[in-house]
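Please look through the model shown below before reading on, because the paragraphs that follow lead from one pair of helices to the protein as a whole.

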Amino acid sequence: GAKGVYVHMHPDSVFFGKIVQGRKKQGFRLMWEYLPSQAVADGRAFLKKFAGDLDLFSINYPESCELFETDREEELIEELKALNIPLILFRVGSRGLYTIAGGRHWFVPSVGSIGAVDPTGCGNCSTGAALYAYCEGYDPLMVGIMANVAASYNVLQYGPYPHFTEETRREAMALAQRLYREYGEKH
């Protein structure tokens, strides 16, 4: 009954083959957050092999520089677009992220958190939130905004956000909806 499965690991064809089989049987969305392999060429080959089986892909700037052998953000975005994965989250650190879908891309600036304590896990947190938003049917822009809002909560303490209550969810969603409206007004 899972709507989505989030995998964060090194390229492993055996494991992914089994996950893809499960995806075909059960119909869940599959997100892979790239974890660099020891051989960059192996990572590129693996990504090409499984790109058609992914619904979402998440990668950060340093990993993408290594994978595609360039540090030019515009070139990285084009490389990611060429993968033709339905939705890609390209995380660019404290600046925010890009969502890439259907040959287009959107830059979504970070929400910013007053009192930031620890950025550890913000990429995982934002990726997990993006999978949730995608599975719930939100568009690429809102997926990116919801990912950034989740990361803005995560950065407030060490470890996972400890008190994610219904009130916190409503507050976070209201913030995401406000940011979505503001983004539309600017573009």
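How are helix 2 and helix 3 oriented to each other? Helix 2 and helix 3 are roughly perpendicular to each other, a term that covers angles of 65 to 115 degrees, whereas under 35 degrees counts as roughly parallel, over 145 as roughly antiparallel and the rest as oblique. The axes of helix 2 (residues 40–50) and helix 3 come within 8 Å and cross at roughly 95°, where axes are lines fitted to C-alpha atoms, for helices over the stretch in contact, and angles run from 0 to 180 degrees between N-to-C directions. Val40, Gly43, Arg44 and Leu47 of helix 2 make the contact with Glu66, Leu67 and Phe68 of helix 3, contact meaning heavy atoms within 4.5 Å. These residues divide into 4 nonpolar, 1 polar and 2 charged, with Ala, Val, Leu, Ile, Met, Phe, Trp, Tyr, Cys and Pro counted as nonpolar, Asp, Glu, Lys and Arg as charged, and the others, Gly among them, as polar.

The model is predicted, so that local features need pLDDT of at least 70 and side-chain atom pairs count only at pLDDT 80 or more, while totals for chains, interfaces and linings use all residues. Residues are numbered from 1 along each chain as its sequence is written, and side-chain values use heavy atoms, with hydrogens and water left out.

The protein has 7 helices and 6 strands, which are DSSP runs numbered from the N terminus (helices H or I, at least four residues; strands E, at least two). Along the sequence they follow the pattern β-α-β-α-β-α-α-β-β-β-α-α-α. Of the 187 residues, 46% count as buried, that is, under 20% relative accessible area with a 1.4 Å probe and protein chains only, whereas exposed means over 50% and partly exposed in between.

Leu47 leads from the helix 2 contact into the interior. The largest nonpolar core has 29 residues, and Trp32, Leu47, Phe57, Leu80 and Phe90 are those with the most contacts inside it; such a core is a set of buried Ala, Val, Leu, Ile, Met, Phe, Trp, Tyr and Cys residues joined through side-chain atoms within 4.5 Å. Leaving aside neighbours within four places in sequence, Leu47 is in contact with Trp32, Leu54, Phe57, Leu67, Phe68, Leu83 and Ile85. A second, separate core of 26 residues includes Leu87, Tyr134, Ile145 and Ala172.

Ile145 and Ala172 also take part in the contact between helix 6 and helix 7. The axes of helix 6 (residues 140–154) and helix 7 (residues 166–186) come within 9 Å and cross at roughly 135°, and the two helices are therefore oblique to each other. The residues of this contact divide into 13 nonpolar, 2 polar and 1 charged. One of the participants from helix 7 is Gln177, which is partly exposed, with a relative accessible area of 39%. Gln177 and Met146 are 31 residues apart in sequence and 8.8 Å apart in space, C-alpha to C-alpha.

Two loop residues deserve a look at their backbone. Most residues other than glycine have a negative phi. Glu69, however, has a positive phi near 55° and lies in the loop between helix 3 (61–68) and helix 4 (73–82), where it is exposed at 60% relative accessible area. Asn84 has a positive phi of about 55°, sits in the loop between helix 4 and strand 4 (87–91), and counts as exposed at 65% relative accessibility.
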